[in-house]
Each structure stands twice: as structure tokens, then as C-alpha cells.
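Please examine the structure shown below. The paragraphs that follow lead through a contact between side chains and then through the surroundings of a ligand.

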Amino acid sequence: MNSINTINKDNLPKHIAIIMDGNGRWAKKRGQQRVFGHKNGVQSVRNIVEAAGQIGIKHLTLYAFSTENWKRPKTEVSALMTLFITAVKNETKNLMKNNVKLNAIGSLENLPKSVQENLNKIIEKTKNNTGLNLILALSYSSKQEITNAVKNISSDIQKGKISINDITEELISNNLQTKGIPNPELLIRTSGENRISNFLLWQISYSELYFSEVLWPDFSKEHFFEAILEYQKRERRFGKTGEQLKEDKS
Ligand code: IPE
Ligand code: IPE
Ligand code: MG
């Protein structure tokens, strides 16, 4: 089956967020170390970035490392950091070729200097690209992001720049790292886990959730297109009734 041809190009999500999960289990199933799964997960990233660009998705946020992931064994964490550096280095050419602009969210200051430097280099290099906006969530925690927003807003009040009545949902959104990026219409999580794991809590308040059983290293373009097709079958009501939506359309 070739799902790409059945996707309605007029009803595409502008922003898709993905919790890329299942690398460790994928490796274990093959009698390998967990890192082997992470290495194979890079190919899936490549495929999905290409697929997103192919159909014209504007923003793609990939959850690559959570603040909670720092609790993993030191060897796994350092292997992941090395992998981020090599992936970022090796992908620069491809990103340029595909007109992809790279960005990152999270407590980036907590990443090793070498990761920060390589990341900044590629962000700088791709900043004028006009195709897909690829956002990597690295050392990311949604609760931390919201906490920082509360601190920034409180500090502006303390300085007298704004008053309490100026606090609106828009102001809060503008104090998150995703400022200026529309909320994801679709959130995908692979590997059969049905949870959010501290990812984009504010931003996904009305997202369509799609849980796939497929482990991340096996997640293909076809799986990605199937998720979009499923999204297009859903009725997004935003509190209204189905009847109201039909009236709105006519
Ligand atoms: C996701 O795969 C990648 C990261 C969290 C870095 P996991 O490493 O969580 O794989 P499982 O869930 O243990 O299979
Ligand atoms: C969530 O996956 C974080 C990333 C995919 C980067 P985890 O595998 O760390 O999530 P939990 O701990 O099982 O919820
Ligand atoms: Mg996991």
C-alpha cells in the first residue's frame, strides 16, 4: 500500500511531534546492547525527516532526550551524546540539500560542550533554509519549560514591565521555547507506551494522540503516512458538537 497518495494535502498537520521510543527493546530483541538500538534509530529519524519534507509538513518536533533520561546508566548517556554529535555532523549535508532548518529546545546548557558546539554550528548553518523546521527536544522537560516561563513572567512583573492582568494564555505561550511555532495538531508515540513522559504538556492540550506499537528503529515512512491518514479521519471538535462543525462548514 502507498499511503502517501491518499493523504489529503489540504488537511495536513502544520506541526507533528514524535516521542521516538523503543530503541532499547529493539536492540534487546536482537540480543544486542541498547546503544545498538539508538544507532539504528538514527536511520528512522532520517526517513521521517525526509517524509515530512516530502509531503510539506512545516514543523516536526522530535523528542530525542528527556531530562529524566539523565538518570540512565552513564555509559548509555555518554553513548547517546556521542551519537548526537556524529548524527548532527553527518546530517548537515542532507539537511542543506533538503532545505531543512534545524532548531533545538530543552535545557541545552546541560548538554556536554561538544554537543552544544556541534548543534549550534548546524543551527547557524541551516538558519536560512525555508523548508521543514526540524526541532530537536534535547534534555527537555515540559514542566521545566513551564517553570521557566513562570519565572520569566514573574520577573517582568517584579520589574514593573507588565502587570498581573497582562498574563494571558498567549503570554504564557510566548514564554515557552516553542514561541512562534503552532501547537502540534498530531502527537505520535512509538513502541506501544501510552504516556506523554513530560513532553510539550501545554502545547498538546488539543493535539490528536496517535500511539503506534512499532519500535522506533522500525518506524518507516509508511508508518508515518498511516499516522497522518488516521489523523485526517478524526473529527476535531474543540468542545463543539459534530452538528455544529457541519453547520460551520456549510
Ligand atoms: C527511546 O528509546 C530513545 C531515548 C529515550 C533516548 P528507549 O531507549 O527509551 O527504548 P526503550 O523504551 O527502552 O525500548
Ligand atoms: C521518552 O522516552 C523520552 C524520549 C523518547 C526521548 P522514555 O523511554 O525515556 O520514557 P519513559 O521513561 O519510558 O516514560
Ligand atoms: Mg523508552
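In this predicted model, the side chains of serine 191 and aspartate 21 form a polar contact at 3.3 Å. Serine 191 belongs to the loop that runs between strand E5 (186-189) and strand E6 (208-211). Its relative accessibility is 6%, and serine 191 therefore counts as buried, the cut-off being under 20%.

Aspartate 21, the partner of serine 191 in that contact, also leads to the ligand, since Asp21 is one of the residues that surround ligand 2. The others in this shell are Ile19, Met20, Tyr63, Ala64, Phe65, Asn69, Arg72, Arg189, Arg195 and Ser197. By residue class, the shell comprises 5 nonpolar, 2 polar and 4 charged residues. Strand E2 (residues 59-66) supplies the largest share of the shell, with 3 residues.

Which space does ligand 2 take? Ligand 2 occupies the largest pocket.

Within this shell, several side chains place polar atoms close enough to the ligand to be listed by distance. For asparagine 69, a side-chain N or O atom lies 2.8 Å from an oxygen atom of ligand 2. Arginine 72 has a polar side-chain atom at 3.3 Å from an oxygen atom of the ligand, and for arginine 189 the distance between a side-chain N or O atom and an oxygen atom of ligand 2 is 3.3 Å. On its own, ligand 2 has 390 Å² of accessible area, and the protein covers 78% of this area.

Technical notes
Residues numbered from 1 in each chain as written. Chains lettered and ligands numbered in written order. Predicted model: local features only at pLDDT ≥ 70, side-chain atom pairs only at ≥ 80, totals over all residues. Heavy atoms only, no water. Near = heavy atom within 4 Å. Polar contact = N/O pair within 3.5 Å; in protein donor to acceptor, adjacent residues only side chain to side chain. Areas by Shrake-Rupley, 256 points an atom, 1.4 Å probe, with all protein chains shown as cover. 1 Å grid on protein atoms, 1.4 Å probe; cavity = no way out; pocket = protein on both sides within 12 Å on 5 of 7 lines; lining within 4 Å. Sits in = over half its atoms within 2 Å of the grid points. Helix = DSSP H or I, 4+ residues; strand = E, 2+ residues; numbered from the N terminus. Nonpolar A, V, L, I, M, F, W, Y, C, P; charged D, E, K, R; others polar. Buried < 20%, exposed > 50% of the residue type's maximum accessible area, 1.4 Å probe, protein only.
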